[in-house]
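This briefing introduces selected features of one protein model to a reader beginning the study of structure. Please keep the sequence and the three-dimensional view at hand while reading.

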Amino acid sequence: MTYPEVDAPPLPVLPPPWSVRVLTPDDAGLVADWMNTPHVAAAWDQAWPLQRWADELARQLAGDHSLPCVASYDGRPLAYLEIYRVVRDRLAAHYPAGPHDLGVHVAIGDPQDIGRGLGSALLRAVADGLLAAEPGCSQIVAEPNVLNPASQRAFRNAGFRYAGEVVFPHKKAALLIRPRAEERTDVVGIGFGPANLALAVALAEHPGVTARFLERQDGFAWHRDMLLDGATVQVSFLKDLVTMRNPTSEYGFLSYLAAKDRLVEFINHKTLFPSRVEFNDYMSWVASRFAAQVEYGSEVVGVRPVAGASGVDEVEVVTRLGRRVRCRDLVIATGLRPVLPAGIEASDRVWHSDELLSRLEKVDSEPRRVVVLGAGQSAAEVVEYVHRRYPHAEVCAVFGRYGYSPADDSPFANGVFDPAAVDTFYGAPDAVKERVLAYHRNTNYSVVDLELIQELYRRGYQEMVIGERRLRVLNLSTVDRVGTGPDGVLLGVVSLATGERSELEADFLVCATGYREADVFGMLGELGRYCLRDDHGRPLVDRDYRVRTVPEVSCRIYLQGPTEHSHGISSGLLSTVAVRAGEIARSIVERERVAVLS
């Protein structure tokens with residue numbers, strides 16, 4: 001039977017790293033393999049041979065009842081989906097179905113993908129994607145077997161609510177419904193880098209609090225384009241996402257090493273400073289444990305106050321795909337934004353170091369000359385990496401200093417990153433805060449690890465000895481003009497000491513020129529007018545990282561990062577990420593307890 005009043009089921013619109021496509025009979029082998037795995041066969045009872053699945057896929061494609069699809073994660077096929085019109089299904093007789101309701105069946109094929117939170121994340125993305133693709137649809141439904149608690153749990157984690165039981169001839173099913181109405185959760189975290197990942201870990205110790213995290217990137221990544229061979233983190237592995245707060249947590253770096261079967265080898269390595277690649281892998285390992293709470297590819301485009309009986313008691317967060325989530329507590333951790341010098345614009349040959357590896361992957365031949373602008377750790381790392389990667393290229397380091405300045409990582413100076421130092425800084429007069437920040441900028445800003453400085457000097461000196469200069473240092477200089485040359489970019493270089501100008505042609509200009517804090521009030525939009533500011537226009541922030549608001553606002557806004565003016569130099573760094581996340585989590589939990597008691 002056909003229903004001309006509604007079309008065939010649509011294909012959901014999925015954000016990266018998810019993708020979906022319609023299956024054809026040629027895909028029968030993939031589906032048959034999945035359906036014949038024990039965990040899928042037990043739930044679906046469709047362990048059919050190849051030809052029967054080819055016939056089944058052809059039958060579905062010829063009708064307007066269901067649409068067979070394969071969902072992929074990061075390009076890898078993950079699950080079989082059937083999207084169906086409820087009005088054309090037996091389920092329609094068991095509840096008041098709307099004319100445009102859509103249903104979904106899902107089967108994750110590889111048993112190694114079970115229990116990682118991928119099912120919940122996929123179902124949430126599919127539900128959102130179907131609602132986006134079908135404006136007339138008011139709800140998405142599902143009917144997993146009541147004997148399959150894992151499936152029911154995945155649907156519930158994806159925002160589906162229990163609506164009763166349905167009895168079919170072959171099974172008793174739980175009716176689960178995901179309405180179009182806004183989702184509500186206790187906490188929404190904007191951004192899912194290390195700061196909010198640490199918050200997810202801290203909140204996991206308080207199961208009564210629900211949280212959802214929205215991340216604009218297509219997957220977890222920590223400075224993915226600066227994961228250079230040989231580059232290490234600048235903090236001890238003990239300053240991971242949790243150890244400084246809870247040394248016995250299962251989410252610590254040592255637990256990661258044990259899970260990867262590398263604990264003994266790391267101990268034998270005799271280092272406190274893992275490679276940046278390994279530390280990123282550690283955080284990705286932790287992030288995978290929270291996949292059900294995170295929506296990647298979800299760029300937040302609006303934050304709106306929601307009025308209640310006593311004022312603004314909720315916040316509505318809106319994503320570019322139209323997702324709306326309401327919460328009582330909002331945590332902003334959107335990280336830093338790369339900055340190019342004034343007058344320099346990005347192009348195919350002018351990049352910020354934040355794009356380095358992605359850009360270099362597209363370079364099809366060895367460059368003749370690369371210019372790196374900047375004097376900090378990232379600049380020195382780019383110089384070292386490019387010099388090593390392209391053994392015949394000239395690499396020019398341009399900066400306004402006489403030479404690279406070493407980072408002060410001495411024990412006493414490192415105390416500025418201790419958790420107790422935050423209390424001291426927060427309670428100090430403003431004039432003292434400014435002096436402390438000025439005194440200790442050389443622990444973090446525009447400074448380089450001494451070992452890297454010595455390595456670059458060693459290379460430069462060796463080239464002087466052999467008479468083949470590839471590493472050039474143009475100190476006390478800056479680039480004041482960027483134009484187009486015959487074979488690349490034409491740079492105007494000016495000496496700050498003499499004013500002498502010269503031209504330098506290069507294949508690429510890499511600007512390792514730092515970052516700026518995110519615009520908090522720009523992110524908050526209308527909600528920003530309820531926030532209190534200091535004399536410099538910066539947000540007033542309480543010790544627990546909560547933004548102070550006018551009295552009629554009872555929802556809470558927390559900042560992870562742009563609080564250096566109030567909490568000190570460690571505010572946006574890994575050094576205190578575990579403790580900071582724990583303090584925010586404790587503040588949220590205490591509020592939730594008060595709300596329950598009242």
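Which residue has its backbone oxygen 3.5 Å from a polar atom of the side chain of Ser-298? The residue is Glu-295. The model discussed here is predicted. The points below begin with the setting of Ser-298 and then turn to a sheet, the helices on it, the cysteines and some backbone features.

**Ser-298 and its surroundings**

- Ser-298 is located in the loop that connects strand 11 (294-296) with strand 12 (300-308).
- The relative accessibility of Ser-298 is 8%, so this residue counts as buried.
- Leaving aside residues up to four places away in sequence, Ser-298 touches Leu-214, Glu-215, Arg-216 and Thr-319.

**A sheet of seven strands**

- An open sheet is formed by seven strands, whose order is 1-2-3-4-5-7-6 and whose pairing is mixed.
- At the edges of this sheet are strand 1 (18-22) and strand 6 (161-167), each of which pairs on one side only.
- On average, neighbouring strands of the sheet are turned by 30° against each other, with direction ignored.
- Strand 2 pairs with strand 3 in the antiparallel sense, over eight bridges.
- Within this pairing, Ala-71 is found opposite Ala-79 of strand 3.
- The hairpin made by strand 2 and strand 3 has two residues between the strands, and Asp-74 in this hairpin has a positive phi near 60°.
- Strand 3 and strand 4 also run antiparallel, joined by seven bridges.
- Here Tyr-80 is placed opposite Ala-107 in strand 4.
- Strand 4 (residues 102-108) pairs in the parallel sense with strand 5 (residues 139-142), over two bridges.
- In that parallel pair, Leu-102 faces Ile-140 in strand 5.
- Why is strand 3 described as largely enclosed by the rest of the structure? The reason is that eight of its ten residues are buried.

**Helices placed against the sheet**

- Helix 1 (residues 28-35) lies across three strands, namely strand 2 (66-73), strand 3 (76-85) and strand 4.
- The direction of helix 1 is at about 95° to strand 3.
- Helix 3 (residues 50-62) packs on the sheet and touches strand 1, strand 2 and strand 3.
- Between the directions of helix 3 and strand 2 the angle is about 115°.

**Asp-27, in the loop before helix 1**

- Asp-27 is situated in the loop between strand 1 and helix 1.
- With a relative accessible area of 14%, Asp-27 is buried, because the limit for a buried residue is under 20%.
- A polar contact of 3.0 Å links the side chain of Asp-27 with the side chain of Arg-21.
- When residues up to four places away in sequence are not counted, Asp-27 touches Arg-21 and Leu-57.

**Cysteines without a disulfide**

- How many disulfides does the structure hold? The number is zero.
- The cysteine sulfur closest to that of Cys-396 belongs to Cys-511 and is 14 Å away, which is too far for a bond.
- The reasoning rests on a cut-off, because a disulfide requires two cysteine sulfur atoms within 2.5 Å.
- Cys-396 has a relative accessibility of 0% and therefore counts as buried.
- Cys-511 is likewise buried, its relative accessible area being 0%.

**Backbone features**

- Pro-16 and Pro-17 are joined by a cis peptide bond, with omega at about 10°.
- Pro-17 belongs to the segment before strand 1.
- Leu-476 is a residue other than glycine with a positive phi, near 45°.
- The location of Leu-476 is the loop between strand 20 (471-474) and strand 21 (477-484).
- Is Leu-476 buried or partly exposed? At 27% relative accessibility, Leu-476 counts as partly exposed.
- Tyr-545, also a residue other than glycine, takes a positive phi near 70°.
- Tyr-545 occupies a position in the loop between helix 16 (520-524) and strand 26 (556-559).
- Tyr-545 is buried, with 2% as its relative accessible area.

Definitions and conventions: Residues numbered from 1 in each chain as written. Predicted model: local features only at pLDDT ≥ 70, side-chain atom pairs only at ≥ 80, totals over all residues. Heavy atoms only, no water. Pairing = 2+ DSSP bridges. Helix = DSSP H or I, 4+ residues; strand = E, 2+ residues; numbered from the N terminus. Axes fitted to C-alpha atoms, helices over the stretch in contact; angles between N-to-C directions. Contact = heavy atoms within 4.5 Å. Buried < 20%, exposed > 50% of the residue type's maximum accessible area, 1.4 Å probe, protein only. Polar contact = N/O pair within 3.5 Å; in protein donor to acceptor, adjacent residues only side chain to side chain.
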